[in-house]
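Q: Could you walk me through one part of this structure slowly, and then show me how it fits with the rest? I'm new to this, so please keep it friendly.

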Amino acid sequence: MKGFGLLSIIVSVFPAAHMAKVFVYGTLKKGQPNHFIMKDHAKGQAEFVAHARTVDPYPLVIATEYNIPFLLNVPGTGQRVHGEIYSVDQKMLEFLDEFKECPKLYQRTLIRLELEDGPGGGKHTPDAGSSIEAYVYTTDTYEREWLEKTTYESYNSNGDHGLPYVQH
Ligand code: PCA
C-alpha cells in the first residue's frame with residue numbers, strides 16, 4: 001500500500017510520464033465510426049492534443065470487405081495524411097493494440113508529424129508548425145494489390161468514395 005501511495009504521488013506530479021501520444025487517421029477520429037472508443041473511460045483515458053499531418057507521404061487506402069482504412073507502411077508514396085493526436089494512458093494503449101489486432105493486422109510504429117494547431121503556449125504543448133513523434137497504426141502485413149488502390153489525404157467514412165466503414 002505504501003508503495004502505491006508513492007506511485008500515485010509520482011504519477012500526479014509527472015502526469016505525462018505514463019501517457020503516450022497516438023496519431024489516429026481513420027475510424028478513431030472525431031465524427032468517425034469508432035471514435036466512441038476514445039471517449040469510453042472503461043477502456044482508459046484519451047485526451048485530444050492537436051490536429052496534425054504526416055511529415056512524409058504515406059498511402060492511406062480503404063480495403064477489405066469492411067472498408068477499413070489502412071496507412072500502408074510505405075513512406076514516400078501516397079499523400080501527407082491528416083489526423084488527430086491524442087495523449088492516451090497505458091490502459092487505452094493496450095486496448096487500442098488489441099482493437100487494431102496489433103501486430104497481425106496493423107503494427108504500432110512511430111511516425112513524424114507536423115502539428116496543425118493545438119493549444120500552444122505551455123512547454124508541454126508545442127505550437128502549430130512544430131514537428132513531433134507519435135505512435136500510429138500502420139501496416140506491413142497488407143495485400144500487394146492494395147498498393148494500386150486510390151489514396152486519400154484525409155479519411156472520412158462517408159466520403160465521395162462510397163466505401164463506408166462496416167462495423168464488424
Ligand atoms: N483506426 C485507426 C487506424 C485505422 C482505423 O480504422 C485510426 O483511426 O488511426
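A: Let's start with Glu47 and what it touches. Setting aside the neighbours within four places in sequence, Glu47 is in contact with Ile85, Tyr86 and Ser87. Keep in mind that you're looking at a predicted model. Glu47 sits in strand β2. Is Glu47 buried or exposed? Its relative accessibility is 53%, and exposed means over 50%, so Glu47 counts as exposed. You can also look from Glu47 to Asp89: 42 residues separate the two in sequence, and their C-alpha atoms are 9.1 Å apart in space.

Now hold on to Tyr86, one of the residues that Glu47 touches. Tyr86 is also on the contact list of His35, along with Thr27, Leu28, Lys29 and Lys30, again leaving aside neighbours within four places in sequence. You'll find His35 in the loop between β1 and β2 (46-54). His35 has a relative accessible area of 10%, and buried means under 20%, so this residue is buried. Zoom in on the side chain of His35 and you'll see one of its polar atoms 2.8 Å from the backbone oxygen of Leu28.

Leu28 takes us on to the ligand. Which residues surround the ligand? They are Val24, Tyr25, Gly26, Thr27, Leu28, Pro69, Lys100 and Tyr106. Some of them bring backbone atoms up to ligand oxygen. For Tyr25, a backbone N or O atom lies 2.9 Å from an oxygen atom of the ligand. For Gly26, a polar backbone atom is 2.8 Å from a ligand oxygen. Leu28 has a backbone N or O atom 3.1 Å from an oxygen atom of the ligand. So Leu28 turns up twice on our walk: its backbone oxygen lies 2.8 Å from a polar side-chain atom of the buried His35, and a backbone N or O atom of Leu28 lies 3.1 Å from ligand oxygen.

Next, the empty space. Rolling a probe the size of a water molecule over the atoms shows where empty space is left. The second largest pocket has a volume of about 280 Å³. Of its 21 lining residues, the closest to the centre are Thr27, Asn34, Phe99, Lys100 and Tyr165. You've already met Thr27 and Lys100, which are among the residues surrounding the ligand. β1 (19-24), β4 (68-72) and α2 (90-99) each give at least two residues to the lining of this pocket. Sorted by class, the lining has 13 nonpolar, 5 polar and 3 charged residues.

For another stop, try Glu133, which is in strand β7 (residues 131-139). With a relative accessibility of 44%, Glu133 counts as partly exposed. Beyond the neighbours within four places in sequence, Glu133 is in contact with Lys21, Leu110, Ile111 and Arg112. Take Ile111: it is 22 residues away from Glu133 in sequence, yet the two C-alpha atoms are 5.5 Å apart.

Finally, zoom out. The protein has 2 helices and 7 strands, and from the N terminus on they run α-β-β-β-β-β-α-β-β. Of its 168 residues, 37% count as buried, and His35 is one of the buried residues. Among contacts between residues at least 6 apart in sequence, 73% join residues at least 24 apart.

Note on methods: Residues are numbered from 1 along each chain as its sequence is written. This is a predicted model: local features need pLDDT of at least 70, side-chain atom pairs count only at pLDDT 80 or more; totals for chains, interfaces and linings use all residues. Side-chain values use heavy atoms; hydrogens and water are left out. On a 1 Å grid over the protein atoms alone, a cavity is a set of points where a 1.4 Å probe fits but cannot get out, and a pocket is an open set with protein on both sides within 12 Å along at least five of seven lines; lining residues have an atom within 4 Å of a point. Grid points are joined across faces, edges and corners, and a volume is the space filled by probe spheres set on the points. Helices (H or I, at least four residues) and strands (E, at least two) are DSSP runs, numbered from the N terminus. Ala, Val, Leu, Ile, Met, Phe, Trp, Tyr, Cys and Pro count as nonpolar, Asp, Glu, Lys and Arg as charged, and the others, Gly among them, as polar. Buried means under 20% relative accessible area, exposed over 50%, partly exposed in between (1.4 Å probe, protein chains only). Contact means heavy atoms within 4.5 Å. A polar contact is a pair of N or O atoms within 3.5 Å; within protein, one must be able to donate a hydrogen and the other to accept it, and residues adjacent in sequence count only if both atoms are side-chain atoms. A residue is near a molecule or strand if one of its heavy atoms lies within 4 Å of it.
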